[in-house]
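Here is a short walk through a model. Please look at the sequence and the structure first, then read on.

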Number of protein chains: 2
Amino acid sequence: MSARLIVIGLGPGEIPYMTAQAIEALERADWFYGYGPYVDRVVAHDDPRRVVSDNREEGARAREALALAASGECVAMLSGGDPGVFAMAAAVCEQIERGPQAWRALTLEIVPGVSAMLAAAAACGAPLGHDFAAISLSDNLKPWSLIERRLLACAGAGLVMAFYNPISKARPWQLGVALERLHEVLAPETLVIFARAAGRPEEQITTTTLGQARAEQADMATLVIIGSEETREVTRPGQASLIYTPRFAPGFDPEPADSER
Amino acid sequence: MSARLIVIGLGPGEIPYMTAQAIEALERADWFYGYGPYVDRVVAHDDPRRVVSDNREEGARAREALALAASGECVAMLSGGDPGVFAMAAAVCEQIERGPQAWRALTLEIVPGVSAMLAAAAACGAPLGHDFAAISLSDNLKPWSLIERRLLACAGAGLVMAFYNPISKARPWQLGVALERLHEVLAPETLVIFARAAGRPEEQITTTTLGQARAEQADMATLVIIGSEETREVTRPGQASLIYTPRFAPGFDPEPADSER
C-alpha cells in the first residue's frame with residue numbers, strides 16, 4: 001500500500017517549466033486529480049486514471065483524492081504554478097485537518113513549482129527584485145474590505161504587489177476598485193504590468209502606469225504586478241523595455257554613480 | 001554572434017528542482033558566471049568556462065557577464081532559487097540601465113526557478129496558502145527602519161511573511177529585533193517556521209511559536225516564515241505536523257462544519 005497523496009506544481013503552463021522532481025512524481029502516481037486544464041497538460045484525454053473537476057470544487061476534489069490515497073493508492077493532485085500559492089496545497093491541508101484520522105496517517109508530498117508571479121516577473125525583467133507581496137483579489141474567500149486594507153498597507157510600506165485572481169466574470173469590478181484605491185497612495189506614474197499567460201506560447205506582457213491602467217486589460221489568465229515607487233523601466237532599442245525594482249532603497253545604492261568602482 | 005545573457009534560476013539546491021527550461025539553457029551557454037556554490041552545482045570544478053565570484057559582488061559580476069555577452073558570447077548567470085527574488089536578475093537590470101548602450105541591445109533571457117520560500121512552504125504544508133509578503137531582512141541595501149515599517153505593516157494587515165537573508169555573521173541582531181517587534185502586533189502563539197536548507201538533503205524544518213522563537217535558530221541558509229493569526233498546525237501521528245494558512249478568512253469558510261456537504 002503506498003497510501004500517498006502527492007500535490008504537484010506543474011509550473012506556469014508548459015512542460016519546460018516543470019521540475020525534474022515534478023516529472024518523477026507524475027511517473028509514480030496511479031491517479032491524477034485536478035482542474036481539467038491542468039490535468040490536460042500531462043495526462044492524455046482517454047487515460048482512465050484522470051479525475052477532473054471544476055475550479056470551484058477544491059474542497060470536494062481534495063476529499064476524494066485523500067479518501068482514495070488513504071485506501072492505499074498513490075494519488076497525484078495537479079496544480080498550476082506552485083501548489084502552495086493560492087492553490088491546492090492549502091485545500092488539501094484544510095481537508096486533512098477536518099477529515100478522518102486516517103488522512104493524517106497517509107504520506108503527503110508537496111512538490112513545489114514555478115509560481116505565476118515568478119514567470120511573469122522573468123518575462124519582463126525583475127519587478128519582484130525587492131520586497132513584495134502576493135495578494136489574491138478574489139473576495140470569494142475573504143471580505144473586500146480586508147483586501148483593500150492589505151493593498152493599502154503594502155503599497156504604503158513600499159512593497160511591490162503581485163495580484164492573483166485579479167478578475168473573472170463573477171468578479172468584474174474588484175480590480176478596477178483596487179486600482180482606484182491604489183491611486184490614493186501611489187503616484188500615477190507607478191509602473192503596472194499585465195502579464196497574460198506568462199510562460200505559455202500566447203504570453204502577452206503589457207507595461208503601463210497606474211494612471212493609464214484599466215481593469216479591462218486583465219482577464220482570468222492575467223497576473224498583475226503593481227510596482228513600488230522604486231520600480232523602473234529601462235528602454236531598449238528594438239526590444240521590450242525591462243521593468244525592475246532595484247535591490248536597494250534610495251541612498252543605499254552599493255555603487256553610486258559618483259563613487260569609484 | 002549570440003550576444004546573449006541568460007539569468008538562470010537553479011531552484012532551491014538540487015538538480016531535481018531545476019526546470020527543463022533551466023537545464024536546456026545551461027546547455028546553450030558558453031560561460032557560467034555566479035556565486036561559487038551555485039556554479040558548483042552544475043559546472044565541474046575544472047571546467048574552464050566557470051567564472052565564480054563572492055556573494056557580495058553582484059554588481060561587478062553582472063558587469064563582467066554583460067560585457068562578455070555584448071562581445072558576442074552566450075553567457076549564463078547562475079542564481080539559486082528564482083533569479084527574480086532577491087537575486088541576480090535585478091542586479092543585471094541595474095547594470096544594463098547604467099552601462100553602455102550596447103548592453104541594452106543584447107538579448108536578455110531570464111529563466112525562473114523555484115524560490116526558497118516555495119520549497120520551504122512545500123516542506124511543511126502550505127503556510128503561504130493565503131496572502132503573504134517576501135521581505136529581505138538585510139539592512140545592507142535599505143535602512144533598518146524601513147524593514148521594521150514593512151514588517152509591522154504586513155503583520156498588521158494579516159499577511160504571512162517569508163524572510164530572506166534573516167541573519168549572517170555581519171548581521172547578527174536583525175532577526176532578533178524583528179521577532180521582538182513582531183511580538184508587539186502578533187500573538188505569542190503565532191506559528192514560526194525555520195526552514196534550513198529547504199530542498200537539500202540536509203533540510204531541517206523547525207516549527208515553533210513567536211513566543212518561543214529565537215534568532216539563533218536561523219543561519220544564512222534558513223528561510224524564516226512568520227504565520228498570520230490564521231496559520232494553523234495539524235498534528236499527525238508519527239509524522240511532522242502540517243502547517244498551513246487556510247485559503248479563507250474567518251467567516252468565509254466555503255464549507256463550514258455545520259453546513260451540508
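How much area is buried between chain B and chain A, and what share of it do carbon and sulfur atoms give? The model is a predicted one. In it, about 6900 Å² is buried between chain B and chain A. Carbon and sulfur atoms give 57% of that area. The contact draws on 84 residues from chain B and 84 residues from chain A.

Now turn to the polar side of the interface. The rule finds 14 salt bridges across the interface of chain B and chain A. One of the side-chain pairs joined in this way is E58(A) with R247(B), at 3.8 Å from N to O. That distance falls within the 4 Å cut-off, so the pair counts as a salt bridge. Polar contacts link 48 residue pairs across the interface, with both residues at pLDDT 80 or more.

Which element gives the most to the side of chain B that touches chain A? Helix 4 of chain B, residues 88-98, does, with 9 residues. On that side of chain B, 46 residues are nonpolar, 19 are polar and 19 are charged.

Strands meet across the chains too. Strand 7 of chain A and strand 7 of chain B, each residues 132-136, pair in the antiparallel sense over 3 bridges. There, F132(A) stands opposite A134(B).

Last, the symmetry. A turn of 180° and a shift of 0.0 Å along the axis lay chain B on chain A, with an RMSD of 0.0 Å. This is why the two chains are related by a two-fold axis. Both copies use the same surface: 100% of the contact residues of chain B recur in chain A.

Note on methods: Residues are numbered from 1 along each chain as its sequence is written. Chains are lettered from A and ligands numbered from 1 in the order in which they are written. This is a predicted model: local features need pLDDT of at least 70, side-chain atom pairs count only at pLDDT 80 or more; totals for chains, interfaces and linings use all residues. Side-chain values use heavy atoms; hydrogens and water are left out. Contact means heavy atoms within 4.5 Å. Buried area is the accessible area (1.4 Å probe) that two parts lose on being put together, summed over both. A polar contact is a pair of N or O atoms within 3.5 Å; within protein, one must be able to donate a hydrogen and the other to accept it, and residues adjacent in sequence count only if both atoms are side-chain atoms. Helices (H or I, at least four residues) and strands (E, at least two) are DSSP runs, numbered from the N terminus. Ala, Val, Leu, Ile, Met, Phe, Trp, Tyr, Cys and Pro count as nonpolar, Asp, Glu, Lys and Arg as charged, and the others, Gly among them, as polar. Two strands pair if DSSP finds at least two bridges between them. Copies are superposed by least squares on the C-alpha atoms of residues with pLDDT of at least 70 in both.
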